[in-house]
Amino acid sequence: MTADDVVNVYKNDGALLQGHFLLSSGLHSDTYLQSAKVLQNPEHAAALCAAMVAGIPADLRQQIQCVVGPAMGAVLVSYECGRALGLRSLFTERENGEMVLRRGFALSPGEAVLVVEDITTTGGSTRECIAAVEAAGGKVVASSAIIDRSAGFQDFDGVPFYPLLRLPVRTWSAEACPLCAAGDVPVKPGSRGLR
């Protein structure tokens, strides 16, 4: 799957939006990627996630024993990556403000984990998921995302990062946002904001 293929899936599914958006990270942007609109189509979810795991070096991919993603956005991504690898899939959730494994999910001591996300902007959710996996006894050996819009992560504190697509998207703090300066009000269409 090429970079153009990934962008076209998002465009064709109406998931590449232009406007003024407040991201979950707190940053503002003129571009929003609504992965839920892509992932509602099982064929698209399967193709994107199979391409994600194929982009991880083979020797590292063979070490992975489990896939974990943070809820809500990466539940389907984790599942489809797990399916592509023939491995089980778990997800983390917030409990009292902290990302943890719940619902009876458990990892064996040292179990090799791939942490996945749909979109990475600041990497905060991925870092929280990595911390939750490590707190549960697992060892994160790699991380991935469908789209990295961070413009630069190479790794997460030593955990290698293999996004399917690196798509530089402009972001600003609220104080530096030119759209706010022009009087425009941001909307928050993601999972933690307006629906």
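**Exercise 1.** Is Gly123 buried or exposed?

*Solution.* Keep in mind that this is a predicted model. Start with where the residue sits: Gly123 belongs to the loop between β6 (112-120) and α6. Next, take its relative accessible area, which is 5%. The cut-off for buried is under 20%, so Gly123 counts as buried. Now look for its contacts: leaving out residues up to four places away in sequence, Gly123 touches Phe153 and Phe156. For a distance check, try Lys11, which lies 112 residues from Gly123 along the chain; the two C-alpha atoms are 24 Å apart.

**Exercise 2.** Work out what span helix α6 should have, and compare that with the model.

*Solution.* Count residues first: α6 covers residues 124-135, which makes 12. At 1.5 Å a residue, the expected span is 16 Å. Then check the ends: the end C-alpha atoms of α6 are 16 Å apart, so the two values agree.

Carry on to burial. In α6, the buried residues are Ser125, Thr126, Cys129, Ile130, Ala132 and Val133. Looking down the axis of α6, these buried residues fall within an arc of 160°, so they line one face of the helix. The spacing helps here: an α-helix has 3.6 residues a turn, so residues three or four places apart point the same way. To finish, step past the helix: Gly137 follows α6 and has a positive phi, near 100°.

**Exercise 3.** Which residues does Ser144 touch, not counting residues up to four places away in sequence?

*Solution.* Find Ser144 in strand β7 (residues 139-148). Its relative accessibility is 2%, so Ser144 counts as buried. Then list its contacts: Met52, Leu114, Val115, Val116, Glu117, Phe161, Tyr162 and Pro163.

Definitions and conventions:
Residues numbered from 1 in each chain as written. Predicted model: local features only at pLDDT ≥ 70, side-chain atom pairs only at ≥ 80, totals over all residues. Heavy atoms only, no water. Helix = DSSP H or I, 4+ residues; strand = E, 2+ residues; numbered from the N terminus. Expected span 1.5 Å × (residues − 1). Buried < 20%, exposed > 50% of the residue type's maximum accessible area, 1.4 Å probe, protein only. Arc of directions from axis to C-beta. Contact = heavy atoms within 4.5 Å.
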